[in-house]
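Please follow this account with the sequence and the model open side by side. It moves from single backbone positions to a helix, then to side-chain pairs, and ends with the chain as a whole.

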Amino acid sequence: MSTTTMAPLKDRSQLRQKQMIAAHFARLARTAESGEKSVYTFVPGNLTELVRNFDLLPVLPEINALQSSMRGKSKEYIALAEKLGHSEDVCSYVKCDIGMLKSGNVGPTGERLPAPDLLLLSYTGCFTFMKWFELLRQEYGAPTVMLHVPYQADGVITDAMRRYVVAQLEKKVIPALEKVSGKKFDLDKLREQLRLSAQAEDDLAWVLHSAKHRPSPIDAYFGGVYYIGPMFSAFRGTQDAVDYYRELRAEVQERLDAGLGPVTPAGTMEHEKFRVVVEGPPNWTSFNEFWRMFADEGAVVVASTYTKVGGFYDFGYRHDPEHPLESLADYCLGCYTNLDLGTRVDVLCRYLEEYDADGLLVHSVKSCNSFSAGQLVMLAEVEKRTGRPVGFLESDLVDPRYFSAANLKNRLESYFQMVAQKRAGARR
Ligand code: SF4
């Protein structure tokens, strides 16, 4: 039975985000005339402020892949990449990107993307990043610079790790950006950019924490991926991002004041029946259908790990204008894909506790080893430590062949029945 009402018009912040993205892609489409240059780089551990310090334009291939998928293009792009010899086992983001490139490199807004002037690989825990950029380097022949970020194998960032990353920023990354842009690094400008980043990060953290209320005014997974959009992509360190997060926060405050639940594809959730934590990325090919399966059960995701793939602002991390390069290093070291399994389990247990969630759902995607490796072990450990019900779902990021709606719906229904039974048992 549905626990939602009809969908309202889009929030102001959503429209603002759409305009920001459209303006960015329009700028990318005009680089041939404007002379602006682009830097391709990945979401986890991205150095957006540093890239923009040189007036270079960031391009995030994963975002292009997921947006292609939401526009229904990933099936044909993946088929083309497989025809060209990329195996079925390769991460579907990579194949979607390669297929897009081979189909004319038309980006998510229908405009052409420029070839990269630099490939900036911030290596934060995913080996596929390296292979992906090797492919793009073959295709474009663009210069490449790699920032090696040590894995947090023990769940801590040591001074030596931080210094190692800072030294690479100083000796490799900044010189590469200077070379491609023809501009000198501007430390004062970076401090100002980081000040803007921290301001926006405060508001994003506030929005994420709002899910501790009952009912939660947000869905921190399906809704959360929209909230992290500007922060994890091309806009950190800009006034646009500050304005977006200020507006988003005000909207969420309004929802809190009115005692409203989150807005879902089926409308505003009227009755919050279940609160869950979700581990793993979402499915993009059937994003709204997947979200609706939760909404129809009255289930709200109150915290998720995927929305931390670009940093744990909710646990207090902020870019720091007083320690610019060190805080960029900590940012890269601290993103979710760079964390060991023990720390990931700690994070999940903490979320279950702090957000007073009924249980944990793991969404395992076939494509992504960075997320999926160890998820069953994590699931068992979280269940042992918290005693809360856990469930396991499977599909993929952008390959529609792996989204089985009937199967997912079945598993979700069984899971929520189990949660309800456990709750009833506890009341007896
Ligand atoms: S394997 Fe996962 S982290 Fe790596 S590129 Fe693919 S989706 Fe991203």
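D55 is partly exposed, because its relative accessible area of 38% falls in the band between the limits for buried, under 20%, and exposed, over 50%, as computed with a 1.4 Å probe and protein chains only. The residue is placed in the loop between α3 (48–53) and β2 (57–59), where helices (H or I, at least four residues) and strands (E, at least two) are DSSP runs numbered from the N terminus. Although D55 is not a glycine, its phi is positive, at about 55 degrees. This is a predicted model, in which local features need pLDDT of at least 70 and side-chain atom pairs count only at pLDDT 80 or more, while totals for chains, interfaces and linings use all residues. Residues are numbered from 1 along each chain as its sequence is written, and side-chain values use heavy atoms, with hydrogens and water left out.

A positive phi in a residue other than glycine is also found at N105, where the angle is near 55 degrees. N105 lies in the loop between α6 and β3 (118–123), and with a relative accessible area of 6% it is buried. G104, which follows α6, likewise has a positive phi, near 110 degrees. Another backbone feature is the peptide bond from R214 to P215, which is cis with omega near -5 degrees; P215 has its place in the loop between α9 (187–209) and α10.

How many of the residues of helix α6 (residues 92–102) are buried? The count is 10 of the 11, so this helix is largely enclosed by the rest of the structure. The buried residues are S92, Y93, V94, K95, C96, D97, I98, G99, M100 and L101, a list that includes the charged-type names K95 and D97 alongside V94, I98 and L101. The cover over these residues includes α4 (61–70), α5 (74–83) and α7 (127–140), with contact meaning heavy atoms within 4.5 Å. In helix α7 one finds K131, which counts as partly exposed because its relative accessibility is 40%. The C-alpha atoms of K131 and V94 are separated by 9.1 Å, and the two residues are 37 residues apart along the chain.

A different helix, α12 (residues 239–258), holds E247, which at 17% relative accessibility counts as buried. Once its neighbours within four places in sequence are left aside, E247 is in contact with R12, S13 and R16. With R16 there is a polar contact from side chain to side chain, at 2.5 Å; such a contact is a pair of N or O atoms within 3.5 Å, where within protein one must be able to donate a hydrogen and the other to accept it, and residues adjacent in sequence count only if both atoms are side-chain atoms.

Aromatic rings offer a further view of the packing. A search of the whole structure finds 29 aromatic pairs, where rings of Phe, Tyr and Trp (its six-membered ring) pair if their centres lie within 6.5 Å, and planes under 30 degrees apart count as stacked, over 60 as edge-to-face and the rest as tilted. In one of the pairs, the rings of Y221 and F222 have centres 4.8 Å apart and planes at 65 degrees, so the arrangement is edge-to-face; both residues are buried. Y226 and F287 also form an edge-to-face pair, with 6.1 Å from centre to centre and 85 degrees between the planes. Since Y226 lies in helix α10 (residues 224–227) and F287 in helix α13 (residues 287–296), this pair ties together parts that are 61 residues apart in sequence. Y226 counts as partly exposed at 29% relative accessibility, whereas F287, at 3%, counts as buried.Rings also meet charged groups. The charged end of R350 sits over the ring of F315, 3.8 Å from its centre, and R344 lies over the face of Y336, at 4.7 Å from the ring centre; the criterion is that NZ of Lys or CZ of Arg is within 6 Å of the ring centre and within 35 degrees of the ring normal.

Finally, consider the protein chain as a whole, which has 18 helices and 10 strands. Of its 428 residues, 57% count as buried, and residues 24 or more positions apart account for 79% of the contacts with a separation of 6 or more. The radius of gyration is 21 Å, which agrees with the value near 22 Å for a compact globule of 428 residues, taken over C-alpha atoms with a globule rule of 2.2 Å times the number of residues to the power 0.38. Along its principal axes the C-alpha trace spans about 70 × 50 × 45 Å.
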